[in-house]
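Thanks for coming. I will go through one structure, starting with its sheet and then moving to what packs around it.

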Amino acid sequence: MITRVLRIDAGAIGSREVAAAADALARGELVAFPTETVYGLGAHAMDEWAVSRLFEVKGRPANDPLIVHVAEVSALADLAETVPPSIDALSHRFWPGALTLILFKRSSVPDLVTAGRPTVAVRVPAHPIAQAILRHARVPVAAPSANTYSRPSPTTAAHVLSDLDGRIELVVDGGATAIGLESTILDLTVNPPLVRRPGAITLEQIRAILPAAESLNQVLTGTAAHPAPGQSLRHYAPRARVTVFVGECAPVVARVAQEARTAAARGEKVGVLAPQEDLLALAPMLAPLASVGRVVTARAGARREPDDVARELFAALRALDEQRVDVILAVAMPPAGIATAIVDRLSRAAEGRVVDVGGVRRG
Ligand code: TXA
Ligand code: MG
């Protein structure tokens, strides 16, 4: 199969291109498109054949449910059996946007989409291209991140093609995504409401509306036993063995320099993924190893701009993978705000190998 690429300028969205992508979805084809979080791989959610192909091309286990995307809140009625009263305030505040809500599903939603669960995850994305496509398609669109299973989520059309070229009908290229991490998932079918996946919309922001909301922060605290399905530790893993170092710049830099030397001495090629401040401090320490190609670095944002770290994180992981490193030493700021989601994604890539610098080692 030849994968077509359609370029759409988010500032001047062409109606012909939107119609082409929307009609392809409505026909049951697989279409990757940008959202404000990451690129999604869309399939008509009510078309079981399309949805089963989606699982197949991603290599996604059938027990990992999909998020259904719709253009507006009013479409909820077709998907959810009951909506809690909090939906008005939540949707008013966060939709369209990077929040996914889990609700009890209607029987019309295929079990394939929800992996047999009685609940359905729904999101109204804000990206103007995603909005335009959903409005034109007039069908709910199931869309997981447009990567193959266990690869980092794609934040550009090039990432999508690197994983799925020749296996899906269409990629809509709308440029790099603004947030770079997948949506916050809030489960409204449990009491108290539970954040099952942290994202750009933080628990603090959700608590402004639902004060009782709690978070599953299983990776760093080791307390929660029930992560969201599909949130297994292997979920975001690049090919290299990743270890995460969480903490302030000075102690993290000292520790990462030491680990890099140890790994290089073992004959391993080392990738260091860190914000700008850390890379600057590390540069003189790693220069001898870098000059002989034992250490390569990838920058993800800057500590003073955590949103930039989030936006650039998955591209940096992919860049190191492409350089065939054996190990990745990844730096994360202490979890707070969006850094909570950054630590979460890196911890998954590291399958739990998280070093709390100055603290205990977990995993
Ligand atoms: O930002 C995003 O959420 C992106 C864009 C494309 O919208 N989508 C995305 O989808 O990240 P995906 O498939 O990579 O992650 C969806 C996750 C599942 O792995 C699962 O953890 C959770 O959503 N999920 C979906 N339906 C659920 C349900 N009924 N109950 C609990 N968790 C659910
Ligand atoms: Mg995913």
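How many of the residues of strand 3 are buried? The answer is 6 of 6, so to speak a strand that is mostly covered, where buried means under 20% relative accessible area, exposed over 50%, and partly exposed in between, with a 1.4 Å probe and protein chains only. Helices (H or I, at least four residues) and strands (E, at least two) are DSSP runs, numbered from the N terminus.

Before going on, the ground rules. This is a predicted model, in which local features need pLDDT of at least 70 and side-chain atom pairs count only at pLDDT 80 or more, while totals for chains, interfaces and linings use all residues. Residues are numbered from 1 along each chain as its sequence is written, chains are lettered from A and ligands numbered from 1 in the order in which they are written, and side-chain values use heavy atoms, with hydrogens and water left out.

Back to strand 3. On one side, Tyr-39, Leu-41 and Ala-43 are buried, and on the other, Gly-40, Gly-42 and His-44 are buried too. Strand 2 runs antiparallel to strand 3, with 4 bridges joining them; two strands pair if DSSP finds at least two bridges between them. A hairpin of 4 residues makes the connection between strand 2 and strand 3, and Phe-33 has Gly-40 as its bridge partner. Strand 3 also pairs with strand 7, again antiparallel, over 2 bridges, and there Ala-43 is opposite Ala-142.

Now the whole sheet. It is open, has 11 strands in the order 1-8-2-3-7-4-6-5-9-10-11, and its pairing is mixed. Strand 1 and strand 11 are the edge strands, each pairing on one side only. A parallel pair is strand 5 with strand 9, joined by 4 bridges; Leu-99 is opposite Thr-184 there.

Next, what lies across the sheet. Helix 1, residues 15-26, lies across strands 1, 2, 3, 7 and 8, and runs at about 140 degrees to strand 1. That angle is between N-to-C directions, on a scale from 0 to 180 degrees, with axes as lines fitted to C-alpha atoms, for helices over the stretch in contact. Helix 1 has 12 residues and reaches 16 Å from its first C-alpha to its last, close to the 16 Å expected, which is 1.5 Å times one less than its number of residues. Its buried residues are Val-18, Ala-19, Ala-21, Ala-22, Ala-24 and Leu-25. Just after helix 1, Gly-28 has a positive phi of about 100 degrees.

On to the cores. A nonpolar core is a set of buried Ala, Val, Leu, Ile, Met, Phe, Trp, Tyr and Cys residues joined through side-chain atoms within 4.5 Å. The largest has 46 residues, of which Leu-41, Ile-168, Leu-186 and Ile-206 touch the most other members. Helix 2 gives the most to this core, 5 residues. Apart from it lies another core of 30 residues, including Phe-314 and Ile-338. In soluble globular proteins, nonpolar side chains tend to be buried together.

Last, a charged side chain. Is Arg-345, in helix 12, buried or exposed? Arg-345 is buried, with a relative accessible area of 1%. A polar atom of its side chain lies 2.8 Å from the backbone oxygen of Pro-198.

Terms used:
Polar contact = N/O pair within 3.5 Å; in protein donor to acceptor, adjacent residues only side chain to side chain. Contact = heavy atoms within 4.5 Å.
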